[in-house]
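Subject: Structure for your review

Dear colleague,

Please find the structure below, followed by an account of what was found in it. Kindly read the account with the model open beside you.

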Amino acid sequence: MRGDEGTDFSTVLLVIDLVGVFVFSLSGALVAVRKQLDIFGLLVLAFTTGLGGGMIRDVLIGDVPPAALQDWRFLVAAALAGLVAFVYHPALGRMEKFVGVFDAIGLALFTVAGAIKAIDYGVPDAAAALLGMVTGIGGGMLRDVLAGRVPVVLQPGELYAIPSLGGAAVAVGGIELGLSTLVVSIIGGLVCGVWRLLAMWRHWQAPMPQGPASV
Amino acid sequence: MRGDEGTDFSTVLLVIDLVGVFVFSLSGALVAVRKQLDIFGLLVLAFTTGLGGGMIRDVLIGDVPPAALQDWRFLVAAALAGLVAFVYHPALGRMEKFVGVFDAIGLALFTVAGAIKAIDYGVPDAAAALLGMVTGIGGGMLRDVLAGRVPVVLQPGELYAIPSLGGAAVAVGGIELGLSTLVVSIIGGLVCGVWRLLAMWRHWQAPMPQGPASV
Amino acid sequence: MRGDEGTDFSTVLLVIDLVGVFVFSLSGALVAVRKQLDIFGLLVLAFTTGLGGGMIRDVLIGDVPPAALQDWRFLVAAALAGLVAFVYHPALGRMEKFVGVFDAIGLALFTVAGAIKAIDYGVPDAAAALLGMVTGIGGGMLRDVLAGRVPVVLQPGELYAIPSLGGAAVAVGGIELGLSTLVVSIIGGLVCGVWRLLAMWRHWQAPMPQGPASV
């Protein structure tokens, strides 16, 4: 594992990571409220959304038990987000844009952390970029499958996964160029986060297939 | 692996485990009948419900190939349950409460066995309790996702996952206190099973989020 | 790993494998077009359909990172199929039977390759046959779960999974009899592929549960 930038950077990464888990878990819990699930269903959606993407990545690269099960702080962050949403969901619903900004930050961090970890575990470049994206969007996809809907990230709407894949590709490219993990994280994260925020602001969408759908 | 209580206890555990697989597989097959799937769909739902929770746990703790694929008796128990449900589903449907009691026993055993195995594989306590619950409820969640519905365990209804998590927590706590696997299994299993049966009998439910759902 | 038949057979297997990924990915992309997903959703369904079955198998037998992430040619085959479907989906929709024939070939190859790999990793016979089937049908099941529908393979219709399980069982049996991988692959693949094609042509279906479904 890369860790040569020292303790300060590790602490920063951990804090951002916990914030990412918290924000993603909030989004899972809010979906549970809308689906009228009880507090247990809400907590399950909070956990799967906040921790699912990293767990899928860890299972695929062979780092088991996954990091999310090794460090109690991740479980606490997800549970706390669930309880906050259980009590304050009406207020959170009114802060949608605010939550969206934090979600973009979480997406950027998860994406970059996922891509770097995949490289560390010997995954080839193209697959590592994909695993960065899976880390970023996997939790939300699990959330939607459990909530009984087609994953939002697959449906037409403002770009979400493409900024993630873009940021992951930049991070992987930076590592290939020999840049430090710190620099790679910042550049890759900015590409992903800013792209996502611009897509939200300017309503950028991905192209749709043209012509009639075959039945 | 803990095995110091000797062959008799192992045999008891195996028999209960096979009964648990059988009962869970029955519930999967009955869902398939209701969804009008053919015999193959029915068998797939029987297998995933009976063996899915343990397989998710084994993948997450790194015990692969999962135990369910290593011992043909588990495959036979699941297949047998599927065939029984294929032929006798009208009668089984009338025995719903009877099936519910066995399901509670299966839940208790899967939960405790899952939590103990996770501890054996070095998973920290809180995560081990969660994995116990995942072992207990994971198969049913897979069943519901494949059957195209929001997992029953996430929806409002009589407590199911919370007794599982409670029993798993008691089992993990007992191991921390140095109790033997046998004692821990019995106490944790009783907590889970009795709690679940009381919830069925007294219609205990988990709290729901209050106030209007944000859209 | 078995590889003693030399380079030529390996090359043949690789080419057929890539064709299988391509055809399966096409089917995933066509579902995405019907579900009106954008190009990203289409590519995700292409990847999960083409590569998902093998990835589930690899995670279950402990070969991580999965082969599909280790060799860029699989990623390229899946991406290419997605782009072809994005542009030419109306024409592909009219070639449904043609696609169905290639799908049967892909099913046969995935099934046999999955069963042989499971045996190589020490999985017992019955479970290895099941894993062969999982390799063959798992990608399509993931595709359908992500697309929000009950997996087609579980629903009443022309036999699909049963030829797969049959071909896998024949392959496993052949290995037990000491036949070479090449011979086993051909016989098992023919059983699966021909059975599937006959089922399409003659509309063979699996039996349904009889009598009223219990509620």
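Leaving aside residues up to four places away in sequence, B:Ala147 touches B:Val31, B:Lys35, B:Leu45 and C:Val150; two residues are in contact if their C-beta atoms, placed from the backbone, lie within 7 Å. This is a predicted model, in which local features need pLDDT of at least 70 and side-chain atom pairs count only at pLDDT 80 or more, while totals for chains, interfaces and linings use all residues. Residues are numbered from 1 along each chain as its sequence is written, and chains are lettered from A and ligands numbered from 1 in the order in which they are written.

B:Ala147 is found in the loop of chain B between helix H6 (125-146) and helix H7 (161-176). Helices (H or I, at least four residues) and strands (E, at least two) are DSSP runs, numbered from the N terminus. Is B:Ala147 buried or exposed? B:Ala147 counts as buried because it has 22 C-beta neighbours inside 10 Å; the term requires 20 or more other C-beta atoms within 10 Å of the residue's own, whereas exposed means 12 or fewer and partly exposed lies in between. From B:Ala147 to B:Leu45 the separation is 102 residues in sequence, and 8.0 Å in space, C-alpha to C-alpha.

The contact with C:Val150 leads to the interface between two chains. Here 30 residues of chain B are in contact with 26 residues of chain C. On the chain B side, H4(B) gives the most, with eight residues. That side comprises 20 nonpolar, six polar and four charged residues. In this scheme Ala, Val, Leu, Ile, Met, Phe, Trp, Tyr, Cys and Pro are nonpolar, Asp, Glu, Lys and Arg are charged, and the others, Gly among them, are polar.

The chains may also be compared as copies. A turn of 120° and a shift of 0.0 Å along the axis lay chain A on chain B with an RMSD of 0.0 Å. That is the relation of a three-fold axis. The superposition is by least squares on the C-alpha atoms of residues with pLDDT of at least 70 in both copies. Only 7% of the interface residues of chain A are also interface residues in chain B, so the copies meet through different surfaces.

Yours sincerely
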